[in-house]
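Thanks for coming. I'll take a few minutes on how two chains meet, then stop.

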2 protein chains.
Amino acid sequence: MSIKVGVVGYGTIGKRVADAVHNQKDMELVGVTAHSYSFLTEVAQLKGYKIYSSGDASDLEANGIKPEADVKKLLEEADVIIDGTPKKVGKENLENLYKPAKVKAIFQGGEKHETTGTSFVAQANYSEALNKDYARVVSCNTTGLTRTLNEINKAYGIGSVHATMIRRGADPADIYHGPINGIVPVLEMPSHHGPDVMTVLKGPEVFTTALSVSTTLMHVHSIIADLKKEAEVQDIINLFNDTTRVRVVRNAEKVRSTAQIMEFAKDLGNSRGDMPEICVWEEAIGTDKSKKKLFYMQAVHQESDVVLENVDCIRAVTGFEDAEKSIKMTNESFGLKK
Amino acid sequence: MSIKVGVVGYGTIGKRVADAVHNQKDMELVGVTAHSYSFLTEVAQLKGYKIYSSGDASDLEANGIKPEADVKKLLEEADVIIDGTPKKVGKENLENLYKPAKVKAIFQGGEKHETTGTSFVAQANYSEALNKDYARVVSCNTTGLTRTLNEINKAYGIGSVHATMIRRGADPADIYHGPINGIVPVLEMPSHHGPDVMTVLKGPEVFTTALSVSTTLMHVHSIIADLKKEAEVQDIINLFNDTTRVRVVRNAEKVRSTAQIMEFAKDLGNSRGDMPEICVWEEAIGTDKSKKKLFYMQAVHQESDVVLENVDCIRAVTGFEDAEKSIKMTNESFGLKK
């Protein structure tokens, strides 16, 4: 029996999760929503995805797209909905659509933890989402922090973390937001990322600050972790090399920046040139003299890291108990080696 | 009998042509060169491409890449070499490598027309390269201008063309060049593009100017053509819709900028997110009152449009006479519909 999945909100994350669901052996993509006509809808139709209108369908029909039905029909036919709508719309959909239709739903990191009470990163807390009606995959940045910190915490114990997120200003296809020339500090202390990590990774105190810069490609995190045990740099490299969904990249192979990570991802043949793994620069891992303060820098592809998490979360909320097996199935469908 | 192709210079164009050759039914990729270790070499090895060292192999070997042989062996085994080396290196290679080895060679637009005497855009002058020992695929911009102007010239006759190229500052993975904040006029009149078009498209007088801006995605051309016959805008749209390797994109489908063209290409599943077709905005095609002055804007993906041309040029120089069939074979291997 396949898990039937519907995607509400077919944007940056929604379209990627739709493709990923379509590629899972144990899932079936029921369809995706469209609220107005665009090249996204054209491509969904080309791929043979059923389109459900989430609003007035006249714009779609005027452009040759005949929706299968209304979004309510999608809710009836799906076991789980992936909600990929913009920030705060997910919460409204929970009340107005998913609860009345009695359908399970998974939200993105734009929603607050309180919306579902369950925040999710597969390799850190898969079992917390087991059989839940509603869960939330945390944001790209929180996912990135959690993936690496969770492994360090298991191996060395972490007291506290201080990290700075250098955030991309806007997504690559977004021509309406900036900055195009400036560095914009987030003026809240801590930024929401630190507290958000703590909804998933229990134990360490995580304090983050953030700034936006003029790039669209990836976020970069500069991380300082206070360890409970001494660490050797080479052991940290080995640890990350063994960690699923983390990739150690090297200046020695001329991966000098986020720009070359994106080029590498394209060359690898990854769908849309995505890099769903968190990339840690080998040459940017260091410790202080005490060996209990660890420094590292990592890059996060904001458009794709959480796609893997959405797929695992679908399995968790529908009762598939084996976290490791789910992660392996998802990874294999993306061509990830570990 | 497959055409045996070697790629010397495995960079932006070389790696794409290597993949394209690998995907042609009538060609065999003998191998590619590497001069030093990088993620490019890693990926070439992952893909199973044979690697030939073009220089000291110690850096490659220290990083676990064992070259098949020296570049001279590649020249012996190939029927045609695609030279994807930087500007002016191609000309040196012609004298120092290809002539002594008596191997056919195709160069890129960084080389001058005089280097081979034969400049090539498949849909405009395929037959000129038939059985030539050496030919040159013109630059991305010249290719883009030629593809659309050639069709307009056939249908309406063009007296003269005045065009402004708004050029991307650097390629996406290039972190060493700019501008990152400024508009840089090319201070030669005309820019080299116009005269370059005239090496391929005989008849129209083409005068171009150019500027570089802070983007990596695509070039954009703003074109004014003086026609010999009156044109209706809808007829020009229809003409471009019927033209191979040209795609009409529309604001109506929310393709508002080069950023959305790149997103569209990713969504279509194109390798590396490339857009090898020249994209003309439907809403940016216009005429003046006389209907003999035509205005249009088009976007050129500098990394990929010429890849199609290299493939066809390989067939031309090895004696395959049917231009239309070659273009069709190449297009089909890229999933292009026309």
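What follows covers the symmetry, the interface and one residue in it.

This is a predicted model, where local features need pLDDT of at least 70, side-chain atom pairs count only at pLDDT 80 or more, and totals for chains, interfaces and linings use all residues. Residues are numbered from 1 along each chain as its sequence is written, chains are lettered from A and ligands numbered from 1 in the order in which they are written, and side-chain values use heavy atoms, with hydrogens and water left out.

Symmetry, then. Chain A superposes on chain B by a rotation of 180° with 0.0 Å of shift along its axis, RMSD 0.0 Å; the fit is by least squares on C-alpha atoms of residues with pLDDT of at least 70 in both. The two copies are thus related as by a two-fold rotation axis.

Now the interface. 34 residues of chain A are in contact with 34 of chain B, contact meaning heavy atoms within 4.5 Å. Of the interface residues of chain A, 100% are also interface residues in chain B, so the copies meet through the same surface.

Between chain A and chain B there are 6 salt bridges, that is, a side-chain nitrogen of Lys or Arg within 4 Å of a carboxyl oxygen of Asp or Glu. B:R272 and A:D267 form a salt bridge at 2.7 Å, N to O.

Last, is A:E263 buried or exposed? A:E263 is buried, at 5% relative accessible area; buried is under 20%, exposed over 50%, with a 1.4 Å probe and protein chains only. Leaving aside neighbours within four places in sequence, A:E263 contacts B:K15, B:R16, B:F39, B:A173 and B:E303.
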